[in-house]
Amino acid sequence: HEAFKAVKCFNNNLVSIDAETIRVFLERNREPRPIPNDNLAAIVRRYDRDVDGRLDYSDFVTSLGPYC
């Protein structure tokens, strides 16, 4: 829950996370090198269980919860 909130913290109106959201999160958390958009999109595709192009809370917890 806290990890999902951390990624979407810059816009509390979000109910899901897309590749752009991940990019902005990484930039704001000082990722030293840019990550190609294709790689960010691949991350979303990998964990997007309902295949809508976004990670909603259910996708996030089911796929990434054990790592957070």
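Modeller: A salt bridge here is a side-chain nitrogen of Lys or Arg within 4 Å of a carboxyl oxygen of Asp or Glu. Please note that this is a predicted model.

Colleague: How many salt bridges does that rule give?

Modeller: The count comes to three. One of them joins the side chains of Asp18 and Arg54, with N to O at 3.0 Å.

Colleague: Where in the chain do Asp18 and Arg54 lie?

Modeller: They belong to distant parts of the chain, 36 residues apart. Asp18 is in the loop between strand 1 (16-17) and helix 2 (19-28), while Arg54 is in the loop between helix 3 and strand 2.

Colleague: And is Arg54 buried or exposed?

Modeller: Neither term applies: Arg54 is partly exposed, its relative accessible area being 26%.

Colleague: Moving to helix 2, which residues are linked in a network of salt bridges?

Modeller: The network consists of Glu20, Arg23 and Glu27. Arg23 pairs with Glu20, their closest N and O atoms being 2.2 Å apart, and also with Glu27, where the corresponding distance is 2.5 Å.

Colleague: How many residues separate Arg23 from Glu20, and how many separate Arg23 from Glu27?

Modeller: Arg23 and Glu20 are three residues apart in helix 2, about one turn. Arg23 and Glu27 are four residues apart in that helix, so about one helical turn separates them.

Colleague: What is the relative accessibility of each of the three?

Modeller: Arg23 is partly exposed at 22%, and Glu20 is partly exposed at 40%. Glu27 is exposed, at 51%.

Colleague: Now Asp48. Where is it, and what is its nearest side chain of opposite charge?

Modeller: Asp48 is in the loop between helix 3 (37-47) and strand 2 (55-56). It is buried without a salt bridge, and the nearest side chain of opposite charge is that of Arg49, 8.5 Å away.

Colleague: What, then, lies 2.6 Å from its side chain?

Modeller: A polar atom of the Asp48 side chain lies 2.6 Å from the backbone nitrogen of Gly53. Beyond its neighbours within four places in sequence, Asp48 contacts Gly53, Arg54, Leu55 and Asp59.

Colleague: What about Asp56, which also has no salt bridge: is it buried or exposed?

Modeller: Asp56, in strand 2, is buried, and Arg54 is its nearest side chain of opposite charge, at 8.5 Å. The Asp56 side chain reaches the backbone nitrogen of Asp59 at 2.8 Å, and one of its polar atoms lies 3.1 Å from the backbone nitrogen of Ser58.

Colleague: One last residue: what is the phi of Val51?

Modeller: Val51 has a positive phi of about 55°, although it is not a glycine. Most residues other than glycine have a negative phi. Val51 is in the loop between helix 3 and strand 2 and counts as exposed, at 70% relative accessibility.

Notes
Residues numbered from 1 in each chain as written. Predicted model: local features only at pLDDT ≥ 70, side-chain atom pairs only at ≥ 80, totals over all residues. Heavy atoms only, no water. Helix = DSSP H or I, 4+ residues; strand = E, 2+ residues; numbered from the N terminus. Buried < 20%, exposed > 50% of the residue type's maximum accessible area, 1.4 Å probe, protein only. Lys, Arg positive; Asp, Glu negative; His and termini not counted. Polar contact = N/O pair within 3.5 Å; in protein donor to acceptor, adjacent residues only side chain to side chain. Contact = heavy atoms within 4.5 Å.
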